[in-house]
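This report goes through selected local features of a model with its ligands, aromatic contacts and backbone geometry. The sequence and structure come before the discussion.

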Amino acid sequence: MSDLTQTLWDLIVVGGGNAGLCAAIEAAETGARVLILESAPKAYRGGNSRHTRNFRCMHQGPLSVLTGSYEEEEYFDDLLRVTKGKTDEALARMTIRASEACLPWMEAHGVAFQKSLSGTLSLSRTNAFFLGGGKALVNAYYNTAQDLGVTVAYDAEVTHIAIEDNAFTGLDVTLDGTTTRLKARALVLASGGFQADLDWLADAWGPAARNFLIRGTPYNRGVVLRDMLDQGAQSVGDPTQCHAVAIDGRAPQYDGGIVTRLDCVPFSVVVNKNGERFYDEGEDVWPKRYAIWGRLVAAQPEQVAYCIIDAKSIHDFMPSVYPPETADTIDGLAQKLGISGAKLRDTIETFNAACREGEFMPTELDGLATEGLSPPKTNWARPITQAPFYGYSLRPGVTFTYLGLRVDETARVSGPAGPLDNVWSAGEMMAGSILGEGYLAGFGMTIGTVFGRIAGQEAAAHVA
Amino acid sequence: MSLDHPPTLSLTEEARRQVEICNACRYCEGYCSVFPAITRERAFADGDITQLANLCHNCRGCYYACQYTEPHEFALNLPAVLAEVRVDGWERFAWPGALARVFQTSGVSLAAALVVGIAALFWAISALTPTDGEGFYAYLSHAAMVAIFAPAFLFPLAVIAVGLRRYWSEVGGTRITGGDLKAALGDAARLKNLSGGAAKGCNYEEGDRYTQARRHAHHAVMYGFLLCFASTSSGTLLHYGFGMEAPYGLFSLPKLFGIPGGILLTLGAVSLAWLKTKADRALGAPSVWGGEMAFVGLLGATGATGLMLYAATGTALVAPLLALHLGTVLAFFLTTPYSKMVHGFYRLAALIRDAQIRTR
Ligand SMILES: Cc1cc2nc3c(=O)[nH]c(=O)nc-3n(C[C@H](O)[C@H](O)[C@H](O)COP(=O)(O)OP(=O)(O)OC[C@H]3O[C@@H](n4cnc5c(N)ncnc54)[C@H](O)[C@@H]3O)c2cc1C
Ligand code: SF4
Ligand code: SF4
């Protein structure tokens, strides 16, 4: 620890996830003395990045594992669609263009890619999958950083950034239970969002947020983000907004990651605690709808819902990590799920009566819709009749929050009096600058890689 | 509900618990053939778990890449649990199983077998000294060698055949076609799965860094062993087929196969043993670490004593070295069905079964 205080670091990077590591590597490659402060213990380093599986990459022809081409316009259109226009076009286009050079850079720094995973064929053109997932990527970057002489401190939570005269002068970090002041000539902030701070979420969302599950790391509590906002840093993004999806209600409070997703909604009838349907389960294919279901479930009593399917559909979606509740009758299933049997039977019978004949096609919008039912189910509406019956509980699972630091195209952070001299930010912490709303699969890692690299280069140039 | 694994789970149940988590995740699909095999199923019978375990070659890529390893409550350690299932299966399939338990887990037992083998050969050489004969046959007659080694070779093969049959029925194997064999042998010859896919090797002696060291060492051992085997086979062929008796010159087939084979086998075994000391024991089957290490030593000793014997040609050391070498070979053969050596047979069977499932 005394070693850390005795060095005048060229650059301190707060947060050792994808964005922070990219920044540290870029700066260390110029010869800068770099320190990464990571609040998690080594086993949990890498924040949300360790749960990722791919990043979205522009490419003008086949590139590494990516097929075909995915050009700027199409990429930008995809982004516009999900954000409903809430994006900064200049920053977004810069990020998209820069993503193409990221893939070879990543490979050169130890990241291995694999063909798109089974069940994700639709992404083989747009998203490059990390072999072994995000934790393997994070491991590769830590090794590269180590080889470049970067120092890493784990269990090191940064609690305060000292800013004087529009410049960063030092920071407070808790190491082994004591708070220490460290100094550096430049600072990159890459400590993610605040979604793991349930109190903060509850402030923004109301008490219902206490029933939310956090899909990623418990360490992204927004401590540094709040500290910066308190000091007047310019922010972007709506504090009341977070990206939440519907996940298995039995998932752990934190770090359940990808396996807790449930893909059965389109093939099921979804009811709330009262046994009532509340939304069209078949509105669109699941990848396009799973994000709205986080909000839908969050609006239900006790923030929970139940997917009911029958034996016909049990193989139509990716296997779940927890086995479903199973019963031979709807009543039996209701009992196991803890909802009223009479009510559930009534809902299912009404639904069944509204189903009509037609061809069921699980992989496309088949138009097999209910008739005279409210809310309707507009695709994949098959009666729930064939025992055994299965039930899964659903809860909102928060992926990340949108509120973040405003940055410019050089990743520089602005204070109340304009751009700070020596502070940059990257990753989830500034993603709101580009993603005002919604989410595009794989774009989080793209933002982190592009801005992490820029932040590292800019910081290194500043101290050179 | 919690996915914490209660200690009451049997080995197979624990493996199934982990495999089901992997099937919902699939991040490791590109490492090896285990994951594609997992994603082809939704439910895993005991035989499926046995098959998956024998497809795994313990490269550990999926351990270091896993976001669910301890302290996470899902407590994934797929390389370890599959290693345990493998070892358990080899023990169950072996006849008699008790011998497998002894030689797999205990390096000391294997060493003891070695001592016994060597002693037996010393005894044979002193007691059965022939009156005539050239080269090695001056010390132990050809007839005596055949009398010792033919059963010592055939008996283990028979035991292994029994084990493989049991394996085949447990994993639900069907009639083997030429295509299945071709696919499996192709994979085995290139040790394709040891390549780590795009990852360029295993996560073995350097933790989460990928290296090719284990693959290269394993290649050396496997090809070294096969060359030595070819050397002996060619000798047998020359002896019986062409009436050409040992000793053979430097440019004869037995020597051309045997010398490079011995060198590869010895060097490969030394590197494998060294790598094994560097790797994390908790990611394999810790209970058989000693037995595996002893087995690698035995393999290396087979190669090394063979080379020494050749180097000592014409000196007074031939007699003791001959006993040493033949004793080592004898111990190696006799323990084959019960030592780590069986992994080659089961792995090939698993690859054949995998080829069947892929093309069904
Ligand atoms: C389950 C899941 C799956 C996802 N899948 C994908 C995907 O496939 N593709 C994609 O593009 N995006 C995905 N995302 C989003 C993606 O994870 C993020 O966009 C991305 O990881 C952000 O990277 P980052 O470096 O900014 O933050 P993180 O990777 O979260 O890193 C932040 C780091 O800062 C540390 N930290 C926090 N506070 C402090 C402090 N006060 N002091 C010191 N250190 C601190 C944390 O411990 C953490 O290591 C997924 C998210 C989740 C939850
Ligand atoms: S080992 Fe871990 S990361 Fe790999 S597939 Fe299994 S659960 Fe996923
Ligand atoms: S240890 Fe290697 S071979 Fe075994 S399952 Fe994991 S990745 Fe596959």
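## Local features of the model

Gly243(B) is exposed, with 56% relative accessible area, because a value over 50% counts as exposed. The structure is a predicted model. Gly243(B) lies in the loop between α10 (213-242) and α11 (253-278) of chain B. Its C-alpha atom and that of Phe122(B) are separated by 28 Å, with the two positions 121 residues apart along the chain.

Another loop position in chain B is Ala45(B), between α2 (34-39) and α3 (46-55). Ala45(B) has a relative accessible area of 45% and is therefore partly exposed. From its C-alpha atom to that of Val116(B), 71 residues apart along the chain, the separation is 42 Å.

**Ligand sites**

The space taken by ligand 2 is the largest cavity, and the space taken by ligand 3 is the second largest. Around ligand 2 are Cys22(B), Cys25(B), Arg26(B), Tyr27(B), Cys28(B), Phe35(B), Cys62(B), Cys66(B), Gln67(B) and Tyr68(B). By class, this shell has eight nonpolar residues, one polar and one charged. The surroundings of ligand 3 include Tyr31(B), Cys32(B), Cys56(B), His57(B), Cys59(B), Arg60(B) and Pro79(B). Phe35(B) and Cys62(B) also belong to the shell of ligand 3. That shell has eight nonpolar, two polar and one charged residues.

Arg26(B), one of the residues around ligand 2, has a positive phi of about 75° although it is not a glycine. Arg26(B) is placed in the loop between α1 (11-25) and α2 of chain B. With a relative accessible area of 8%, under the 20% limit, Arg26(B) is therefore buried.

**Aromatic contacts**

Over all chains, the count comes to 32 aromatic pairs. Tyr70(A) and Tyr75(A) make a stacked pair, because their ring centres are 4.9 Å apart and their planes are at 20°, under the 30 degrees limit. Tyr70(A) is buried at 0% relative accessibility, and Tyr75(A) is buried with a relative accessible area of 0%.

The pair of Phe153(B) and Phe333(B) is edge-to-face, with 5.3 Å centre to centre and 65° between the planes. This pair links distant parts of the chain, 180 residues apart: Phe153(B) is in helix α8 (residues 142-170) and Phe333(B) in helix α13 (residues 318-335) of chain B. Phe153(B) is partly exposed at 27% relative accessibility, whereas Phe333(B) is buried with a relative accessible area of 17%. Both rings belong to one aromatic cluster with Phe225(B), Phe229(B), Phe295(B) and Phe332(B).

Charged ends over rings are listed below.

| Charged residue | Ring | Distance from ring centre |
|---|---|---|
| Arg93(A) | Phe76(A) | 4.2 Å |
| Arg214(B) | Tyr204(B) | 4.4 Å |

**Backbone geometry**

Most residues other than glycine have a negative phi, and most peptide bonds are trans. In chain A, phi of Ala411(A) is near 70°, a positive value in a residue other than glycine. Ala411(A) is located in the loop between β18 (404-405) and β19 (412-415) of chain A. Its relative accessible area is 0%, so Ala411(A) is buried.

Two cis peptide bonds can be described. One joins Ala387(A) and Pro388(A), with omega about 0°; Pro388(A) is in the loop between α10 (341-354) and β17 (389-401) of chain A. Another runs from Glu70(B) to Pro71(B), with omega near 10°. Pro71(B) is found in the loop between α4 (61-64) and α5 (78-93) of chain B.

Conventions
Residues are numbered from 1 along each chain as its sequence is written. Chains are lettered from A and ligands numbered from 1 in the order in which they are written. This is a predicted model: local features need pLDDT of at least 70, side-chain atom pairs count only at pLDDT 80 or more; totals for chains, interfaces and linings use all residues. Side-chain values use heavy atoms; hydrogens and water are left out. A residue is near a molecule or strand if one of its heavy atoms lies within 4 Å of it. On a 1 Å grid over the protein atoms alone, a cavity is a set of points where a 1.4 Å probe fits but cannot get out, and a pocket is an open set with protein on both sides within 12 Å along at least five of seven lines; lining residues have an atom within 4 Å of a point. A molecule sits in a cavity or pocket if more than half of its atoms lie within 2 Å of its grid points. Ala, Val, Leu, Ile, Met, Phe, Trp, Tyr, Cys and Pro count as nonpolar, Asp, Glu, Lys and Arg as charged, and the others, Gly among them, as polar. Rings of Phe, Tyr and Trp (its six-membered ring) pair if their centres lie within 6.5 Å; planes under 30 degrees apart count as stacked, over 60 as edge-to-face and the rest as tilted. Buried means under 20% relative accessible area, exposed over 50%, partly exposed in between (1.4 Å probe, protein chains only). Helices (H or I, at least four residues) and strands (E, at least two) are DSSP runs, numbered from the N terminus. A charge sits over a ring if NZ of Lys or CZ of Arg is within 6 Å of the ring centre and within 35 degrees of the ring normal.
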